[in-house]
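Here is a short tour for a reader meeting this structure for the first time. Please keep the sequence and the 3D view at hand.

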Amino acid sequence: MKENNIKSLVKEDIPKKTVLVLLVMTMVIVALGIWTVLDRMNYNQINPKTSAGGEIKIKILPSTNETVTTQQNINTVEG
Amino acid sequence: MGTTESKTEEKTNKTPILKVLVIVLLLAVVGIFFSVLKDKITGFVTQGNVEVNVQALSSLSVNSNVYFGNGTISNDPANLTSISTEEGDNYGEFNNCSVINGGINDTGRDCTGIEVENNGNVYINVTMDALNNVSGFFSSQTLTGADFTFAVLDGNRTKNETAMQIMGAGNEGIGPNNASCQINGNTGTSISPSGSYLNGSWMNWTTISTNPYAICSNLSFGDGNDTITVEFNLTFPADEPVGLKSNSFTFTGAQAD
């Protein structure tokens, strides 16, 4: 008798509808919470880095001495 | 009889808990609703005041490149060729960097240092990454006497933006609020390498490496006082082969802590 009473008590403790409603509400709250966190991360918490490039260029030309030497060598070969 | 009584008691005890649970859930829903709604409002009027939430924007731009032009270098190890973006009269045919040349698209005479500007709306720290270091930039076999250094100056390349630039060297005491690169409250650091004077009266030349280098910890924003200029100095080894030499730099900005 006692066991039956306890079982009936457990069954009648919270209606299934109530549990269902609470479950749905919990899921909705969790979804909203996640959405809120992600939304705030997008706008306020993520600190994106920005970058840009620069360049140094220089062109080294043959020196006059090198040019003369080269020409002399060519003349020697031709001679 | 006893069972019925205890059943009634338990129901009576659990009903308030259930109510509290439901109230808590409702409060959570209402809280999230208002929280989300607040983020979505960009402006609303309350007692004549307009509140607008301006989002932080970290952004920087590079306004100039450096092109020293064409020229010959010395083959004498005792008298190597040095050129600099801070020199008024560079060696031989290389560009004279004492005057402001064209913009970033002027490939003929860009020789004033690389100007980095904060065009966002928050203070940023700026890091410089070089593609090549000394040995990567020069093709010399010996690298004897080779030097490739940089220094950072406050303000833009025309040297007329910040009060510090206008006042000139020796007047740095006018205060950090008149500088572009200000002191970061958390780290206590500012421009780096520090100490360079305007117009090249003294430059803290630092050897370029491929490691990221924090050149400014707190670059200001706005129409003025929002730029720094990276100057370069090169010494060519006597056995450096002819040809085009180039080095790329990436400047990265992130909101200062």
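## A loop residue to start with

Two residues are in contact if their C-beta atoms, placed from the backbone, lie within 7 Å. With that rule, take B:Leu143. Residues up to four places away in sequence are left out, and B:Leu143 then touches B:Val134, B:Ser135, B:Phe138 and B:Pro237. One of these partners is far off along the chain: B:Pro237 is 94 residues from B:Leu143 in sequence. In space, the two C-alpha atoms are 5.7 Å apart.

B:Leu143 sits in a loop of chain B, between α2 (134–137) and β8. Why does B:Leu143 count as partly exposed? Because there are 14 C-beta neighbours inside 10 Å of B:Leu143, and partly exposed is the class between 12 or fewer and 20 or more. The model is a predicted one.

## Chain B in outline

Chain B has 257 residues, and 32% of them count as buried. Its secondary structure comprises twelve strands and three helices. Take the contacts in chain B between residues at least 6 apart in sequence: 74% of these join residues at least 24 apart.

## Where the chains meet

How many residues does each chain bring to the contact? Chain A gives 31 residues and chain B gives 44. On the side of chain B that touches chain A, four elements each supply at least two residues: α1 (2–40), β3 (60–62), β4 (66–71) and β12 (243–255). The largest share comes from β12(B), with 13 residues. By class, this side of chain B has 19 nonpolar residues, 19 polar residues and six charged residues.

## A sheet with strands from both chains

Five strands form an open sheet. Their order is β4(B)-β1(A)-β12(B)-β7(B)-β10(B), and the pairing is mixed. Which strands lie at the edges? They are β4 and β10 of chain B, each pairing on one side only. From one strand to the next, the twist averages 20°.

Now take the pairs in turn. Strand β1 of chain A, residues 50–60, runs antiparallel to β12(B), and eleven bridges join the two. In this pairing, A:Ser51 has B:Thr252 as its bridge partner. A:Glu55 has B:Ser248. β1(A) also pairs with β4(B), and here the strands run parallel, with four bridges. A:Ile56 stands opposite B:Val66 in β4(B). Within chain B, β7(B) and β10(B) pair in the antiparallel sense, over four bridges. There, B:Thr127 stands opposite B:Ala214 of β10(B).

## The nonpolar core

The largest nonpolar core has 42 residues. Which residues have the most contacts inside this core? They are B:Val126 and B:Ile228. Both chains contribute to the core: β1 of chain A supplies at least two residues. So many also come from each of several strands of chain B, namely β4, β6 (114–118), β7 (124–130), β8 (147–154), β10 (213–219), β11 (227–236) and β12.

B:Ile228 shows what such a position looks like. Neighbours within four places in sequence are left aside here. The contacts of B:Ile228 then include B:Val116, B:Val152, B:Leu153 and B:Asp154. Also among them are B:Ser180, B:Cys181 and B:Ile191. B:Ile215, B:Cys216 and B:Leu219 are in contact with B:Ile228 too.

Note on methods:
Residues numbered from 1 in each chain as written. Chains lettered and ligands numbered in written order. Predicted model: local features only at pLDDT ≥ 70, side-chain atom pairs only at ≥ 80, totals over all residues. Nonpolar A, V, L, I, M, F, W, Y, C, P; charged D, E, K, R; others polar. Pairing = 2+ DSSP bridges. Core = buried A, V, L, I, M, F, W, Y, C linked by C-beta atoms within 7 Å. Axes fitted to C-alpha atoms, helices over the stretch in contact; angles between N-to-C directions.
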